[in-house]
Amino acid sequence: MSMKAPRGTVDLLPEQTVKWQFVESKIKEICNSYHYQEIRTPLFEHTEVFQRGVGDTTDIVQKEMYTFEDRGGRSLTLRPEGTASVARAYVENKLFGSPNQPIKLFYFGSMFRYERPQKGRMRQLNQFGTEVIGSEDPAVDAEVIDFAMNIYKGLGLKSLKLVINSLGDQESRKSHRNALIQHFEPHREELCHDCQNRLDKNPLRVLDCKKDRDHPAMKTAPSIIDYLNDYSVTYFNEVKAYLDALDIEYMVDSNLVRGLDYYNHTAFEIMSEAEGFGAITTLAGGGRYNGLIEEFGGPNSPGIGFGMGLERLLMALEAESITLPIDQQLDCFVANMGDGAKLEATKIVKKLRMNGIQADMDYQKRKMKGQLKAADRFQSKFVIFLGDDEIEKQEVTLKEMSTGDQSEVSMSQLIEVLKEKLNGGIINE
């Protein structure tokens, strides 16, 4: 039996999770300011949720899903992405009936994809995503893109590039599909096996192939931009106008198609241009998916969203040498000597904690010198000294570690004094 974490997974230890917690808390603040609400869906779904939602021709469905049968013979799949699960939940719980439309949702969660592990791309990945369902307003597209960009900028990232494209509506995509088939058919035997299949089922996916991306035919492939009908052109122009109004810089890339079947109209990716970030530069990607809700049996409910890998976000912060303002100092350490003092210390620690003061004490039966070393390792702002004499006098010695100043404080006034020194607060009796 292997006693190591499975390939493609990692343990996040406390010195790392504190960074994750900070990033997640900042993202939640932005979610609140944009008036998005959290949704939590199951880690696994019936396999057809992803087959129908993501698309049978995608690499995710064909090669990357963790699929298994449960004891009842039902085919289940660990979720490889978030949108299909949210779409299923939207329909099942009849969120389309809410008077507050569109529905604006966000989620954090683990996703699972069987692919070759590499830096920033694991088999268990952690993702943040948003979904706005119930509106076909180009202003919503711009808002979602602005949301994603503000997360990165809010954390201090500067080396960013936003790329957008239009995949058009169904009529536009049909015209483009026919043009792609005519273009690639003479080169069918030169393409990889996957692309030969894609040419029959979903030729747009040929443009997203990593194996054939250097094939000469790729450079001369018909652009979707040239096949957009009037409605799609107008829609895309309005999205760009809103982005301009929001002072968001972008570039149009007609080769951006994204890897999932449900996308139409607006598609976008945010990339890191930081030196040393790596060959895979994408930080986040998303787009519009009108028609997906109908695939799950719901009413006409246009949607748009994005997903961002948290591992890659932290990589980008590291690449730009951004230090997160994380305070890892302990508020107060209670050092004690004697059995009676230890009993009293446990009571004091609880009272501190109940009043919102981060507190800890010794559980290793160390002598006073060892306890003070522990307080130093915790970078404790204050140390409370407690012994038999202090218990008898009902007061403690309070030491401010940054200055070395010490003062005698009555136990009845301890919370009030510490609150004042830690910048004030409400006292709970």
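## Exercises on salt bridges, a buried aspartate and a surface patch

In this predicted model, the side chains of glutamate 38 and arginine 40 form a salt bridge, with N to O at 3.1 Å. The structure holds 16 salt bridges; the exercises begin with this pair.

**Exercise 1.** Classify glutamate 38 and arginine 40 as buried, partly exposed or exposed.

*Solution.* Step 1: the cut-offs are under 20% relative accessible area for buried and over 50% for exposed, with partly exposed in between. Step 2: glutamate 38 has 35%, so this residue is partly exposed. Step 3: arginine 40 has 69%, so this residue is exposed.

**Exercise 2.** Find the salt-bridge partner of glutamate 45, and state which parts of the chain the pair ties together.

*Solution.* Step 1: the partner is arginine 88, and the closest N and O atoms are 2.7 Å apart. Step 2: glutamate 45 belongs to strand E2 and arginine 88 to helix H4 (residues 83–92), so the bridge ties together parts 43 residues apart in sequence. Step 3: glutamate 45 and arginine 88 are both buried. Step 4: Glu45 and Arg88 also belong to a network of salt bridges that includes Glu92.

**Exercise 3.** Analyse the salt bridge between aspartate 200 and arginine 188 in the same way.

*Solution.* Step 1: the side chains meet at 2.9 Å, N to O. Step 2: aspartate 200 lies in helix H7 (residues 193–201), while arginine 188 lies in the loop between helix H6 (170–184) and H7, so the pair ties together parts twelve residues apart in sequence. Step 3: aspartate 200, at 46% relative accessibility, is partly exposed. Step 4: arginine 188, at 16%, is buried.

**Exercise 4.** Describe the surroundings of aspartate 331, including the polar contact of its side chain with another side chain.

*Solution.* Step 1: aspartate 331 sits in the loop between helix H11 (310–319) and strand E12 (332–336). Step 2: its relative accessible area is 13%, so aspartate 331 is buried. Step 3: its side chain reaches the backbone nitrogen of glutamine 358 at 3.0 Å and makes a polar contact with the side chain of lysine 381 at 3.5 Å. Step 4: leaving out residues up to four places away in sequence, aspartate 331 touches residues including Gly356, Ile357, Ser380, Phe382 and Leu422.

**Exercise 5.** Which residues form a nonpolar patch on the surface with Leu43?

*Solution.* Step 1: the other members are Phe44 and Phe68, and together the patch has about 270 Å² of accessible area. Step 2: leucine 43 is in the loop between strand E1 (37–38) and strand E2 (44–46). Step 3: at 43% relative accessibility, leucine 43 is partly exposed.

How values were computed: Residues numbered from 1 in each chain as written. Predicted model: local features only at pLDDT ≥ 70, side-chain atom pairs only at ≥ 80, totals over all residues. Heavy atoms only, no water. Patch = residues over 30% accessible without salt bridge, like charges linked within 9 Å, V, L, I, M, F, W, Y side chains within 5 Å. Areas by Shrake-Rupley, 256 points an atom, 1.4 Å probe, with all protein chains shown as cover. Salt bridge = Lys/Arg side-chain N within 4 Å of Asp/Glu carboxyl O. Helix = DSSP H or I, 4+ residues; strand = E, 2+ residues; numbered from the N terminus. Buried < 20%, exposed > 50% of the residue type's maximum accessible area, 1.4 Å probe, protein only. Polar contact = N/O pair within 3.5 Å; in protein donor to acceptor, adjacent residues only side chain to side chain. Contact = heavy atoms within 4.5 Å.
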